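Colleague: I've got this model open, and I'd like to understand one part of it properly rather than skim the whole thing. Could you choose one piece and take me through its surroundings?

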Amino acid sequence: MIRTDWTRDEIAALFNLPFGELVFRAQTVHREHHVPDQVQMSTLLSIKTGGCPEDCGYCNQSCNQSVHAETGLKATKLMDVRAVLQAAAQAKDNGSSRFCMGAAWRNPKDRDMPAIVEMVRGVRQMGMETCMTLGMLTPAQAAMLGDAGLDYYNHNIDTSPERYGDVITTRSFEDRLDTLEHVREAGINVCCGGIVGMGETRADRVGFVHALATLPRHPESVPVNALVPVKGTVLGNMLADTPLAKIDDIEFVRTVAVARITMPESMVRLSAGRESMSEATQALCFMAGANSIFTGDKLLTTGNAGDDKDAALFARLGLTPLRGDEPMRVAAE
């Protein structure tokens, strides 16, 4: 039985387990619901960079650089559909089974939707899973994406409800939940996670996992990001001055393990920040139940480990990429 009634006390108790016991429990749950040595490889492409009116403290894509993020990132227009499909084809050749497309918008304009729909259909015709992250959606926009066959829509809650206002002020936590509801109603799988290492406390990490694990239906994909501090952003500058606020590797693995235990059927993805993790830390994350990664050299505007390093790591750990024609889960015995 998949629980959606986790309490904060129960989740806090998981975080407090001895590390070996926690990882053992997470690996046990993982093996009950997933093929243990398979990891899904996904590629993320920024199809429209910069110019976003939001004030997310971790992000360098704000249009109001003078106020929010002096990072020097230049805004671009929405990519041509053909260029996006060429990038998807290359990602498939490199072993990715899911292609994710992200645009720096508060919400897409209706005039942009026909091109977005064409991208979704084109990538699906290649036999790849599709994912989009475009900001907030109206019910009509979500329905258009659902009709186009979009497999996943990413819209992260970022952090705990209590911490949220310290990170973002231009939209509310409830706004995030509204978009998730529109996505569900359109029949699209939900990709929803957040970022750790933003100076939050463990209680905030408990609240973050609790918010996801008590949704009426767990997200099918849960990305766990480690903050990549970008100079010029609010959080990047803050962590440069207070390095002790950064999350340590063991606490990051604990977060992955608790996500796996509380959301057993979800794909738990190592996302941003992986390029700075040691191979040993990544191996512990896989032991703790992570079974999806972003591959390639870049995640939107930040660096990533790269295909060659990932192939070498998989070979050392005996992991195999999950192909698009393979089942994502195995039934519990």
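Modeller: Let's go through strand β1, its partner strands, and then the cores and cysteines.

Some ground rules first. This is a predicted model, so local features need pLDDT of at least 70 and side-chain atom pairs count only at pLDDT 80 or more, while totals for chains, interfaces and linings use all residues. Residues are numbered from 1 along each chain as its sequence is written, and side-chain values use heavy atoms, with hydrogens and water left out.

For the setting, the protein chain has 12 helices and 12 strands; these are DSSP runs numbered from the N terminus, with helices being H or I of at least four residues and strands E of at least two. Of its 333 residues, 56% are buried, where buried means under 20% relative accessible area, exposed over 50%, and partly exposed in between (1.4 Å probe, protein chains only). If you take the contacts in the chain with a separation of 6 or more, 77% are between residues 24 or more positions apart; a contact here is heavy atoms within 4.5 Å.

Now to β1 itself, which covers residues 38-48. Of its 11 residues, 11 are buried, so the strand is largely enclosed by the rest of the structure.

What does β1 pair with? Strands count as paired if DSSP finds at least two bridges between them. With β2 (residues 98-103), β1 runs parallel and shares 6 bridges; there, serine 46 has glycine 102 as its bridge partner. The pairing with β9 (residues 292-294) is also in the parallel sense, over 3 bridges, and methionine 41 sits opposite isoleucine 293 in that strand. Then there's β12 (residues 320-322), again parallel, again over 3 bridges. In that pairing, glutamine 40 faces leucine 322.

One residue to click on is isoleucine 47. Leaving out residues up to four places away in sequence, it touches Lys77, Leu78, Met79, Val84, Met101, Gly102, Ala103, Ile116, Met119, Met132 and Leu134. Ile47 is also, together with Met132, Leu145 and Phe252, among the residues with the most contacts inside the largest nonpolar core, which has 80 residues. By nonpolar core I mean a set of buried Ala, Val, Leu, Ile, Met, Phe, Trp, Tyr and Cys residues joined through side-chain atoms within 4.5 Å. Helix α10 (residues 249-262) gives the largest share of this core, 7 residues. There's a second, separate core of 6 residues too, and its members include Leu44, Cys100, Cys131 and Phe294. As background, nonpolar side chains in soluble globular proteins tend to be buried together.

Since cysteines turned up in that second core, you may wonder about bonds between them. How many disulfides does a search of the whole structure find? It finds 0, taking a disulfide as a pair of cysteine sulfur atoms within 2.5 Å. For cysteine 100, the nearest cysteine sulfur belongs to cysteine 131 and is 4.1 Å away. Cysteine 100 is buried, at 3% relative accessibility. Cysteine 191 also has cysteine 131 as its closest cysteine by sulfur, but at 4.7 Å the two sulfurs are too far apart for a bond. At 2% relative accessibility, cysteine 191 counts as buried.
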